[in-house]
Amino acid sequence: MISLKVLVEDKTLDGSNLESEHGLSLYIETPALKFIFDCGQTGLAWKNALKMGVDLTKVNFVVISHAHYDHAGGFPSLLKFVNLKKIYTGKNFWLEKFSKTAEGFKYRGAGFTFQDLAHWKIEQKVCDDILELDKNSWLIGNFDTRHKVEIPEKFVRGESKIADNFDDEICLVLREGDGAAVVVGCSHVGILNIVSTVQKRLDLPIKTVIGGIHSDDMKIFARLEDFGVENFYLCHCSGENLRADFATGSVLEF
């Protein structure tokens, strides 16, 4: 069995004693591994984890989908709970991220550096294509971009503030029966590109999409259904008309 717990996202389940923030953090258990996918913005995820009965000291490693503050910012505070040795990212993770505002450029990056990792004695593992975590889970990056996606011009990165193409973005794939579930952070590179790439590289049917898709376009559902996707657990940056009852405190098992 594989389980997924939402430690934090933008909303909280009704009646819950948990708290929410703009961001995403998930706790994943496979038969062999316990790990975190994304860390939220502030470390609030770890406060919620304790309330949910998640033993953070057992976490094997962390995966960060991309280097935005609302997915990476909570990482340093996790080190108060676990003697972490490994973090998985995509390539170009250390190019600082910004957004254009009327007042100028606002920093939107991870909030920690490669030098910090060295100080903490944490190894960075980079997923550039496909990386197997265990027989039930994989990381995939460097997505094929056959499907057009419009990345907002406000997103820029690096000292030169060039347009961000989000080639640091990676996704998590979990085995689901004879198929797979795709777990995404924000899908800045396009959820259609992500799902089609996963299908091609793993040769598995995609049954479920979990996480944020940075869109409110209902047509995406129809396109994903064409790919064979049956279940949607969308949250965080997904449009209000696309979100399900999936929020801080939710638990999935398959």
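Start by selecting the buried residues of helix α1: they pack against β1 (3–8), β2 (25–29), β3 (34–37) and α3 (75–78). Bear in mind as you look around that this is a predicted model.

**Stop 1: helix α1**

To see which side chains are involved, highlight L44, A45, W46, N48 and A49, the buried residues of this helix, which spans residues 44–51. Then step just past the end of α1 to G53, where phi is positive, at about 80°.

**Stop 2: H66**

Next, select H66, in the loop between β4 (61–63) and α2 (69–72). Is H66 buried or exposed? With a relative accessibility of 0%, H66 counts as buried. Show its surroundings, and beyond the neighbours within four places in sequence you will find contacts with H71, A72, F93, F166, D168, E169, G185, C186 and H188. Keep F93 on display, since F93 also belongs to the aromatic cluster at the next stop.

**Stop 3: the aromatic rings**

Show F75, F93, W94, F112, F114 and W120 together: ring pairs link these residues into a cluster. Counted by ring centres within 6.5 Å, the aromatic pairs come to twelve. Zoom in on W94 and F112, whose ring centres are 5.8 Å apart and whose planes meet at 80°; the pair is therefore edge-to-face, as that angle is over 60 degrees. This pair joins distant parts of the chain, 18 residues apart: W94 sits in the loop between β5 (86–90) and β6 (97–101), and F112 in the loop between β7 (104–107) and α4 (114–120). Colour the two by accessibility and they part ways: W94 is partly exposed, at 28% relative accessible area, whereas F112 is buried, at 4%.

For another aromatic pair, select F98 and Y107, again edge-to-face, with 5.9 Å from centre to centre and 70° between the planes. Here F98 is the buried partner, at 11% relative accessibility, while Y107 is partly exposed, with 38%.

**Stop 4: K161**

Stay with F98 and add K161 to the view. Which rings does K161 lie over? K161 lies over the face of F98, 4.4 Å from the ring centre, and also over the face of F105, at 5.6 Å from that ring's centre. Zoom out a little to place K161 in the loop between β11 (155–157) and β12 (162–163). With a relative accessible area of 25%, K161 is partly exposed.

The backbone deserves a look here too. Most residues other than glycine have a negative phi. K161 is not a glycine, yet its phi is positive, at about 55°.

**Stop 5: helices α5 and α6**

Now bring up helix α5 (residues 191–202) together with helix α6 (residues 219–226). Two packed helices are described by the angle between their axes and the distance between the axes. For α5 and α6, the axes come within 11 Å and cross at roughly 10°. That angle is under 35 degrees, so the two helices are roughly parallel to each other.

Turn on side chains to see the contact: I191, L192 and V195 from α5 meet I220, R223 and L224 from α6. By type, the residues of this contact divide into five nonpolar, no polar and one charged.

**Stop 6: the loops around α6**

Select H214 in the loop between β15 (206–211) and α6. H214 is another residue that has a positive phi without being a glycine, with a value of about 50°. At 33% relative accessibility, H214 counts as partly exposed.

Then move to G228, in the loop between α6 and β16. G228 is partly exposed as well, at 34% relative accessibility. Leaving out residues up to four places away in sequence, G228 touches I206 and K207. If you still have C186 displayed from the H66 stop, draw a distance: the C-alpha atoms of G228 and C186 are 21 Å apart, with their positions 42 residues apart in sequence.

**Stop 7: S250**

Finish at S250, in the loop between β16 (231–234) and β17 (251–253). S250 is buried, with a relative accessible area of 7%. Which residues does S250 contact, apart from its neighbours within four places in sequence? They are L4, K5, V6, L13 and D245. L4, K5 and V6 fall within β1 (3–8), one of the strands that the buried residues of α1 pack against, so the tour ends beside the strand where it began.

Technical notes. Residues numbered from 1 in each chain as written. Heavy atoms only, no water. Phe/Tyr/Trp six-rings, centres within 6.5 Å; stacked < 30°, edge-to-face > 60°. Helix = DSSP H or I, 4+ residues; strand = E, 2+ residues; numbered from the N terminus. Buried < 20%, exposed > 50% of the residue type's maximum accessible area, 1.4 Å probe, protein only. Lys NZ or Arg CZ within 6 Å of the ring centre and 35° of its normal. Axes fitted to C-alpha atoms, helices over the stretch in contact; angles between N-to-C directions. Parallel < 35°, antiparallel > 145°, perpendicular 65-115°, else oblique. Contact = heavy atoms within 4.5 Å. Nonpolar A, V, L, I, M, F, W, Y, C, P; charged D, E, K, R; others polar.
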